[in-house]
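Me: I should like to learn how to read the features of a structure, one at a time. Please give the general idea before each case.

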Amino acid sequence: MEDMDFEKGLHQYESQLYATAYKFTKDYDAAQDLVQETLIKAFKGRDKFKSGTNLKAWLLVILKNTFFSQYQSDKRRGEQFDHTDSLDAFLAWKGGANKNLADSRIAVEEIKKEIDKLDDQYRMPFMLYFQGFSYLEIGEKLSLPIGTVKNRIHLARKVLKDKVKKE
């Protein structure tokens, strides 16, 4: 694809990227920043785009990955972020713009309740992993070997999965 055609394609989908970014961030300025970062990454990586494939889907993947990378980075720096809105936005994005989120919100609340019921030894590693910390970082924070961290996260997931299936 020629650079000029690629640029036109980027601008063609800019408003759709912004709409998705706004669903993720719930903030005008943050959505603008996310779209700008997405477009910069896409332009820099234009040689990786295969002509004849779906440019919009490629851009949305870059946007989603950029959002979650920033989210994990923010969590590592200790910035506050509401998981519920992010999870709801991601579920909406995965299921399409017209999906009713009532069931998703109920499921998220049920999962949160079940997470709160977990023993601290399982809940803490699970929550840190959910927040974007690596196994190594979790092990260092909790003074646990990596194998123990992996096991506790696995067991927490299993317990949550079993509880959600029963309901």
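Reply: Let us begin with a definition: helices (H or I, at least four residues) and strands (E, at least two) are DSSP runs, numbered from the N terminus. By that rule Ala-30 is found in helix H3. This is a predicted model, in which local features need pLDDT of at least 70 and side-chain atom pairs count only at pLDDT 80 or more, while totals for chains, interfaces and linings use all residues. Residues are numbered from 1 along each chain as its sequence is written, and side-chain values use heavy atoms, with hydrogens and water left out.

Me: How many helices and strands does the chain have?

Reply: The chain has nine helices and zero strands. Read from the N terminus on, its elements run α-α-α-α-α-α-α-α-α.

Me: How should I read burial, and what share of the chain is buried?

Reply: Buried means under 20% relative accessible area, exposed means over 50%, and partly exposed lies in between (1.4 Å probe, protein chains only). Of the 167 residues in the chain, 32% are buried. Ala-30 is partly exposed, because its relative accessible area is 29%.

Me: What is the accessible surface of the chain?

Reply: Accessible areas come from the Shrake-Rupley method with a 1.4 Å probe; for residues, only the protein chains shown count as cover. For this chain the accessible surface comes to about 10700 Å², and 51% of that belongs to carbon and sulfur atoms.

Me: How are contacts read, and with which residues is Tyr-18 in contact?

Reply: Contact means heavy atoms within 4.5 Å. Tyr-18 is found in helix H2. Leaving aside neighbours within four places in sequence, Tyr-18 is in contact with Tyr-28, Ala-31, Gln-32 and Val-35. Tyr-18 counts as partly exposed because its relative accessibility is 23%. Over the chain, residues 24 or more positions apart account for 59% of the contacts with a separation of 6 or more.

Me: How far apart are the C-alpha atoms of Gln-32 and Tyr-18?

Reply: They are separated by 6.7 Å, with the two positions 14 residues apart along the chain counted as their separation. Gln-32 lies in helix H3 and, at 33% relative accessibility, counts as partly exposed. For Tyr-18 and Tyr-28, 10 residues apart in sequence, the C-alpha distance is 9.0 Å. Ala-30 and Phe-67 are 37 residues apart in sequence, and their C-alpha atoms are 9.9 Å apart in space.

Me: What is a salt bridge, and how many does a search of the whole structure find?

Reply: Side chains of opposite charge can pair when their charged atoms come close. A salt bridge is a side-chain nitrogen of Lys or Arg within 4 Å of a carboxyl oxygen of Asp or Glu. The search finds two salt bridges. In one of them, Lys-117 pairs with Glu-114, and the closest N and O atoms are 3.4 Å apart. In the other, Asp-120 pairs with Arg-123, with the closest N and O atoms 2.1 Å apart.

Me: Where do these partners lie along the helices?

Reply: An α-helix has 3.6 residues a turn, so residues three or four places apart point the same way. Lys-117 and Glu-114 both lie in helix H6 (residues 102-117), three residues apart, about one turn of the helix. Asp-120 and Arg-123 are likewise three residues apart, about one turn, in helix H7 (residues 120-130).

Me: Are the partners Lys-117 and Glu-114 buried or exposed?

Reply: Lys-117 counts as exposed because its relative accessibility is 59%, whereas Glu-114 is buried, with a relative accessible area of 7%. In the other pair, Asp-120 is partly exposed at 48%, and Arg-123 is among the buried residues of H7, together with Pro-125, Phe-126 and Leu-128.

Me: How should I read phi, and which residues other than glycine have a positive value here?

Reply: Most residues other than glycine have a negative phi, and most peptide bonds are trans. Lys-26 is not a glycine, yet has a positive phi of about 60°; Lys-26 is found in the loop between H2 and H3. Ser-143 also has a positive phi, near 55°, and is placed in the loop between helix H8 (135-142) and helix H9 (146-166). Ser-143 counts as exposed because its relative accessibility is 66%.
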